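Please open the model in your viewer and keep the sequence panel beside it. The tour moves from one selection to the next and says what to look for at each stop.

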Amino acid sequence: KCPNCNLRNSSLYKLDLANANLSNANLSSSNLSDVILRNADLSGAVLNIADLSNANLQYSNLRKADLNGSDLSRADLRKAKLFGAKLDRAILCHTNMPDGKRNYSNCSGANLYNANLARTNLYNINLFEVNLGRADLSHANIARSNLRGANLTASNLSHANFKNANLSRTDLTGSNLNMTNLSGSNLIGADMRKAIYLSNANLHGAVLCHTWMPDGKENNSGC
């Protein structure tokens, strides 16, 4: 039990804090990624700018908690109590909400490293500078989405649909592009060095300019 505790800027990574009493605690700017907070009392807690990515918050009490600017990407909030909680600028991306539905309302800068997003519908979503390294996006629909500056290193993009997506300045090194639909996409400044199976991808209408290809050569055909 640690109600009213000052744990600002602490590292609690992967700790099991199930059923903990952290009411009114100051956890601002703390690392709570992968933490188990199932059924914890976080009512009135200060969690602004905290990293809660992939945290288990099922059945937790977050009434009147300050979650402004926190990273809740991949967090599980099923059955959590959020009445009066502050969520301004909070990252909600692949986040399980109290009603069980996935939320992708604010994905800019989200941490989705190694996430399983296979067959997920991410159509026309802002994924600016999202970390999708080693993520499984096979068969996912990401058409018309903004992935500018995103990290997609070593990710599985086989059969994914990136039609008309903004992939400028994305890092696609070592990614699997087998049967990936990149038609009409913006690949300006993208890095595809060591990506595999690009020859099987659909690049019809894609813009290639200062684009690094799998063989290590720069492609300026669309400049």
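The stops below take the disulfides in turn and end at an asparagine.

This is a predicted model, in which local features need pLDDT of at least 70 and side-chain atom pairs count only at pLDDT 80 or more, while totals for chains, interfaces and linings use all residues. Residues are numbered from 1 along each chain as its sequence is written, and side-chain values use heavy atoms, with hydrogens and water left out.

Begin by selecting the cysteine sulfur atoms: the structure holds three disulfides, a disulfide being counted here as a pair of cysteine sulfur atoms within 2.5 Å. If the bonded cysteines of the chain are numbered in sequence order, the pairing reads 1-2, 3-4, 5-6.

Select Cys 2 and Cys 5, which are joined by a disulfide with an S to S distance of 1.6 Å. The torsion about the S-S bond of Cys 2 and Cys 5 is about -105 degrees, so this disulfide is left-handed.

Move next to Cys 93 and Cys 107, where the S to S distance of the disulfide is 2.1 Å. With a torsion of about 95 degrees about the S-S bond, the disulfide of Cys 93 and Cys 107 is right-handed. The pair links distant parts of the chain, 14 residues apart, with Cys 93 in the segment before strand 1 (95–96) and Cys 107 in the loop between strand 2 (102–103) and strand 3 (211–212); strands here are DSSP runs of E with at least two residues, numbered from the N terminus. Both Cys 93 and Cys 107 are buried, a word that stands for under 20% relative accessible area, whereas exposed stands for over 50%, with a 1.4 Å probe and protein chains only.

Now select Cys 209 and Cys 223, joined by a disulfide at an S to S distance of 1.9 Å. The torsion about the S-S bond of Cys 209 and Cys 223 is about 105 degrees, so this disulfide is right-handed. Cys 209 lies in the loop between strand 2 and strand 3 and Cys 223 in the segment after strand 4 (218–219), so the pair ties together parts that are 14 residues apart in sequence. Colour by accessibility here: Cys 209 is buried, at a relative accessible area of 9%, whereas Cys 223 is exposed, at 59%.

Finally, select Asn 48, found in the segment before strand 1. Is Asn 48 buried or exposed? Asn 48 is buried, with a relative accessible area of 18%. Leaving aside neighbours within four places in sequence, Asn 48 is in contact (heavy atoms within 4.5 Å) with Ser 28, Ser 29, Asp 66, Leu 67 and Asn 68.

Notes:
Helices (H or I, at least four residues) and strands (E, at least two) are DSSP runs, numbered from the N terminus.
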